[in-house]
Amino acid sequence: MPSSVRTDPSIDDSSTGAVSNQGAQSPLDIPQPAPARSCFVDVDAVRLHYLDYGDEQHRGQVRPTLLCVHGSAANAHWFDYVADELRAEYRVLSLDQRGHGDSTWAADANYTYARYALDLAAVIEHIGVDDLVLVGHSMGGMVSLACTATTPQRIGKLVIVDSTMILSAERVSAMRGIGDRPGRSYDSQQAYVDNYRLRPAGAREAPNIVRHLAATGCREFDDGQWRNKFDRKVYASRVRIEGMPFWDKIKIPSLYIKGGLSDRMNDEIAAQIRARCAAIEFAEVPAANHHVTLDNPVGFNAALRQFVND
């Protein structure tokens, strides 16, 4: 773990593509994005940003802490729509991983899973609570799994959300190809928001959710153009990783949440995980594809709360 930790309270990639509103909820049923304050912690020459969804009503109360970790090319705001309900019961935090969101880019382009896991361990140590519940989606799930396997001391429960356990060489090659190409640029934030799309195909998010993610996920660069906040070297430097060996070291209660329409988990992969980790449970959220927290926030929260409160 890095020794220097300082804190100040205060596209065309795997997360963007065609939008489908099939199965979208009525506007009256859609949760609203939770308000949050920005906090920062310096780790290994990178300033990491995270959101704290707590409010004054619960300030100072001792409650279970959830730390959420987003996927590739996403950011902390991808948990805004589940945090609004969860923050009434838990302390909810959401991290921008290095090279994403409002965290700084790594000067040395060190975006390995091992480095992400070290960052996450440092943030957990900074938060300073025991029995923390770690919640990771997609790539963030793999990072959370690696962190729990190598630095489990303060983690009480682990939740993996629709993560790919075995990343194929073909997939890694495709991601590197994306990283080697320049991202799409727009003359204004409005133009970026209007053209923003989610990947993979089959996304079911409501339009207001997509627009919120677009607005919070872009910034104006030095050339006056608006682009996704993430560093494309995140993809250009991607390496293949297998999650299965990490499960041998997981001894705490763990939950894998699968989107009911997602194909990233199947019976064969689940059996391999069970053979390695006796503490694993599985849950499926209906009417959700890969982006479970966005497709069905209410269903996701129900599965999470049942596990956390058990």
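**Figure 1. Val-69 faces Leu-95 across a strand pair.** In this predicted model, Val-69 stands opposite Leu-95 of strand E5. Val-69 belongs to strand E4, residues 65-69. E4 and E5 (residues 91-96) run parallel and are paired over five bridges. Between the two strands the chain passes through helix H1, residues 80-86. This β-α-β crossover is right-handed.

**Figure 2. Strand E4 is covered on both faces.** Five of the five residues of E4 are buried. Thr-65, Leu-67 and Val-69 make up one side. Leu-66 and Cys-68 make up the other. E4 also pairs with strand E6 (residues 132-137). These two strands are parallel and joined by four bridges. Within that pairing, Leu-67 has Leu-134 of E6 as its bridge partner.

**Figure 3. Strand E3 pairs with E2 and with E5.** E3 spans residues 46-52, and six of its seven residues are buried, so the strand is largely enclosed by the rest of the structure. E2 (residues 37-43) runs antiparallel to E3, and seven bridges join the two. In this pairing Asp-42 is matched with Arg-47 of E3. E3 and E5 are also antiparallel, with four bridges between them. Here Leu-51 stands opposite Ser-94 of E5.

**Figure 4. Asp-44 sits at the turn of the E2-E3 hairpin.** Two residues separate the strands of this hairpin. Asp-44 lies in the loop between E2 and E3. Its phi is positive, about 55°, although Asp-44 is not a glycine. The relative accessibility of Asp-44 is 32%, so this residue counts as partly exposed.

**Figure 5. Asp-162 has a positive phi in a loop after strand E7.** The phi of Asp-162 is near 50°, and the residue is not a glycine. The loop runs between E7 (155-161) and helix H4 (169-180). Asp-162 counts as buried because its relative accessibility is 0%.

**Figure 6. The largest nonpolar core holds 55 residues.** The residues with the most contacts inside this core are Leu-67, Leu-120, Leu-134, Leu-145, Met-165 and Trp-247. Helix H2 (residues 113-127) contributes the most, with nine residues. Two of the residues with the most contacts, Leu-67 and Leu-134, are bridge partners across E4 and E6. A second core is separate and has 26 residues. Among its members are Leu-86, Tyr-90, Ala-288 and Val-308.

**Figure 7. Leu-145 and its contacts.** Residues up to four places away in sequence are left out of this view's contact list. Leu-145 touches Leu-158, Ile-160 and Met-165. Further contacts are Gly-243, Phe-246, Trp-247 and Ile-250. Leu-145, Met-165 and Trp-247 are all among the residues with the most contacts inside the largest core.

**Figure 8. Three tyrosine rings form a cluster.** Ring pairs link Tyr-186, Tyr-192 and Tyr-196. The structure has six aromatic pairs. In the pair of Tyr-192 and Tyr-196, the ring centres are 5.8 Å apart and the planes meet at 40°, so the pair counts as tilted. Tyr-192 and Tyr-196 are both buried.

**Figure 9. Two arginines lie over the ring of Phe-221.** Arg-219 is over the face of Phe-221, at 3.8 Å from the ring centre. Arg-227 places its charged end over the ring of Phe-221 too, at 5.1 Å from the centre.

**Figure 10. Ser-237 meets residues from another part of the chain.** Ser-237 lies in the loop that joins helix H7 (233-236) to helix H8 (244-247). Its relative accessibility of 26% is why Ser-237 counts as partly exposed. Beyond residues up to four places away in sequence, Ser-237 touches Ala-109 and Tyr-111. Ser-237 and Ala-109 are 128 residues apart in sequence. Their C-alpha atoms are 7.5 Å apart in space.

Notes
Residues are numbered from 1 along each chain as its sequence is written. This is a predicted model: local features need pLDDT of at least 70, side-chain atom pairs count only at pLDDT 80 or more; totals for chains, interfaces and linings use all residues. Side-chain values use heavy atoms; hydrogens and water are left out. Buried means under 20% relative accessible area, exposed over 50%, partly exposed in between (1.4 Å probe, protein chains only). Two strands pair if DSSP finds at least two bridges between them. A crossover is right-handed if, with the strands pointing away from the viewer, the path from the first strand over the helix to the second runs clockwise. A nonpolar core is a set of buried Ala, Val, Leu, Ile, Met, Phe, Trp, Tyr and Cys residues joined through side-chain atoms within 4.5 Å. Contact means heavy atoms within 4.5 Å. Rings of Phe, Tyr and Trp (its six-membered ring) pair if their centres lie within 6.5 Å; planes under 30 degrees apart count as stacked, over 60 as edge-to-face and the rest as tilted. A charge sits over a ring if NZ of Lys or CZ of Arg is within 6 Å of the ring centre and within 35 degrees of the ring normal.
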